[in-house]
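Please look through the model below before reading on. The notes deal with enclosed spaces, open pockets and aromatic contacts.

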Amino acid sequence: MLETTTHIQTHTLGYWAVKTIKQHLETLSHHESEILKDDHPEELHQMRVEMRRLRATIIILGRVLDLPDSAEYQNIDDISRRFEKLRDLDVLLEILQNRYYSYLSVSEQETLDNILIHWVKQRYKALRVVAWILDHKIYKNLKKDLKDWVKNPRFTSWDGFSINEVLPDLLLPQISELFLHPGWHIGYTQIDSISLKILEEILNKQGKLLHSLRRQTKQVRYQMDLFTGFYSSKYLDYLEGLKAIQGCLGKIQDTLVLEEKITQEISSNLKSELPNFVNLLAQDRYQYWQEWEQLRHQYLKSETRYGFHIELLHPVTSKNNP
């Protein structure tokens, strides 16, 4: 059972903050040992996800919590970034080997073989960095301080508020900021779908802005995920929609990063050296863009956004978690 102080009630913000942070710490500890075994790259991914969920929790419940300095969300960001290179290499290796390699000519495969060997060596070094950070005082202090905080939590004056009373005020600003992100309008047309050539030009100029939209979608999704037990099934539908957006934009981003990283490895022109590979990447991006246009069209509708806001305004008391 969760250790609480006498003033923390089941449905207060304070109780929910303690309960959630405790769960994050337990999940992080589970993934640590599995990462060091290096049997399944997915373990690192899940640990990064959990770090981001912890960060999202601290951001949205920050006004409730009096946390130690080590648990500030900027510090969590700094630690998470230490995992990025290993995760990026895992993704690049997986996509290149399992999605594209078998469709290429022998000459293109031979060119990519040298890159794959180089990335595998880089991955070994990146794994050592991850092992180092997991054993470093920065990460250990974060965990220790949060464990101590969970045993004896400290709050601001907000901790005693009923979670049902405050949930709309916590979530609506996050959703509003997401809907106002300029990335929704990149390459938007109400008439015809853009051509592959135009898409490549758009992504070349504004790909980072689209990636920013994905990152913000992901953060809002993690924040909403904290409160699924307080809303109706419509809330879960909206949450699934955000997950689909994140996934679709993620696939576009993966192809852009893969092309960029391979360009850095090749001294000659990428299109002349790997024409089939470049074409496959572009075709996949275009397909993912069609998926994105359908999702975006739905979320640019005023009735969709209105319905989203209305749902957040009405937590369902009978579904509250104990």
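The numbered points below take the pockets, then the cavities, then the rings.

1. Status. This is a predicted model. Local features were taken where pLDDT is at least 70, and side-chain atom pairs count only at pLDDT 80 or more. Totals for linings use all residues, so treat the pocket and cavity lists with that in mind.

2. The largest pocket. Its volume is about 1300 Å³. The lining runs to 41 residues. Closest to the centre are His211, Gly250, Gln253, Asp254 and Val257. Helix 2, helix 3, helix 7, helix 8 and helix 10 each give two or more residues to this lining. Helix 7 gives the most, with 13 residues.

3. Character of that pocket. How do the residues of its lining divide into nonpolar, polar and charged? The split is ten nonpolar, ten polar and 21 charged. Asp254, a charged residue, is among those closest to the centre.

4. The second largest pocket. Here the space is about 310 Å³. The lining has 13 residues. Arg52, Arg55, Asp77, Arg215 and Gln219 lie nearest the centre. Helix 2, helix 3 and helix 7 each supply at least two residues. Helix 7 again gives the most, this time five. By class, the lining holds two nonpolar, three polar and eight charged residues.

5. Cavities. How many cavities of 30 Å³ or more does a search of the whole structure find? There are two. The largest holds about 50 Å³ of space, and the second largest about 40 Å³.

6. The largest cavity. Four helices each supply at least two lining residues: helix 1 (13-37), helix 2 (42-60), helix 3 (73-100) and helix 4 (106-134). The lining consists of Glu34, Ile35, Asp38, His40, Pro41, Glu43, Leu44, Leu86, Asp90, Arg123 and Leu127. Five of these residues are nonpolar, one is polar and five are charged. A reader checking this site should note the charged residues in the lining, Glu34, Asp38, Glu43, Asp90 and Arg123.

7. The second largest cavity. Gly207, Leu210, His211, Leu249, Ile252, Gln253 and Leu256 line this space. Helix 7 (196-225) and helix 8 (233-265) are the elements that give two or more residues. Helix 8 gives the most, with four. The lining has four nonpolar and three polar residues, and no charged ones. His211 and Gln253 appear in this lining and also among the residues closest to the centre of the largest pocket.

8. Aromatic pairs. A search of the whole structure finds ten. One of them joins Tyr100 and Phe277, with ring centres 5.6 Å apart. Why is this pair edge-to-face? The planes stand at 90°, and the cut-off for that class is over 60 degrees.

9. What that pair joins. Tyr100 lies in helix 3 and Phe277 in helix 10 (residues 275-299), so the contact ties together parts 177 residues apart in sequence. Are the two partners buried or exposed? Tyr100 is buried, with a relative accessible area of 1%. Phe277 is buried too, at 0%.

10. A further pair. Phe179 and Phe308 are also edge-to-face, with 5.6 Å from centre to centre and 80° between the planes. Phe179 belongs to helix 6 (residues 163-179) and Phe308 to helix 11 (residues 302-312). The two are 129 residues apart, and the pair links distant parts of the chain. Phe179 counts as buried at 5% relative accessibility. Phe308 is buried at 1%.

11. The cluster. Which residues form one aromatic cluster with Phe179 and Phe308? They are Trp184, Tyr238, Trp292 and Tyr299.

12. Charges over rings. Arg305 lies over the face of Trp184, 5.5 Å from the ring centre. Trp184 is itself a member of the aromatic cluster. Elsewhere, Lys19 lies over the face of Trp16, at 4.8 Å from the ring centre.

Methods
Residues are numbered from 1 along each chain as its sequence is written. Side-chain values use heavy atoms; hydrogens and water are left out. On a 1 Å grid over the protein atoms alone, a cavity is a set of points where a 1.4 Å probe fits but cannot get out, and a pocket is an open set with protein on both sides within 12 Å along at least five of seven lines; lining residues have an atom within 4 Å of a point. Grid points are joined across faces, edges and corners, and a volume is the space filled by probe spheres set on the points. Rings of Phe, Tyr and Trp (its six-membered ring) pair if their centres lie within 6.5 Å; planes under 30 degrees apart count as stacked, over 60 as edge-to-face and the rest as tilted. Buried means under 20% relative accessible area, exposed over 50%, partly exposed in between (1.4 Å probe, protein chains only). A charge sits over a ring if NZ of Lys or CZ of Arg is within 6 Å of the ring centre and within 35 degrees of the ring normal.
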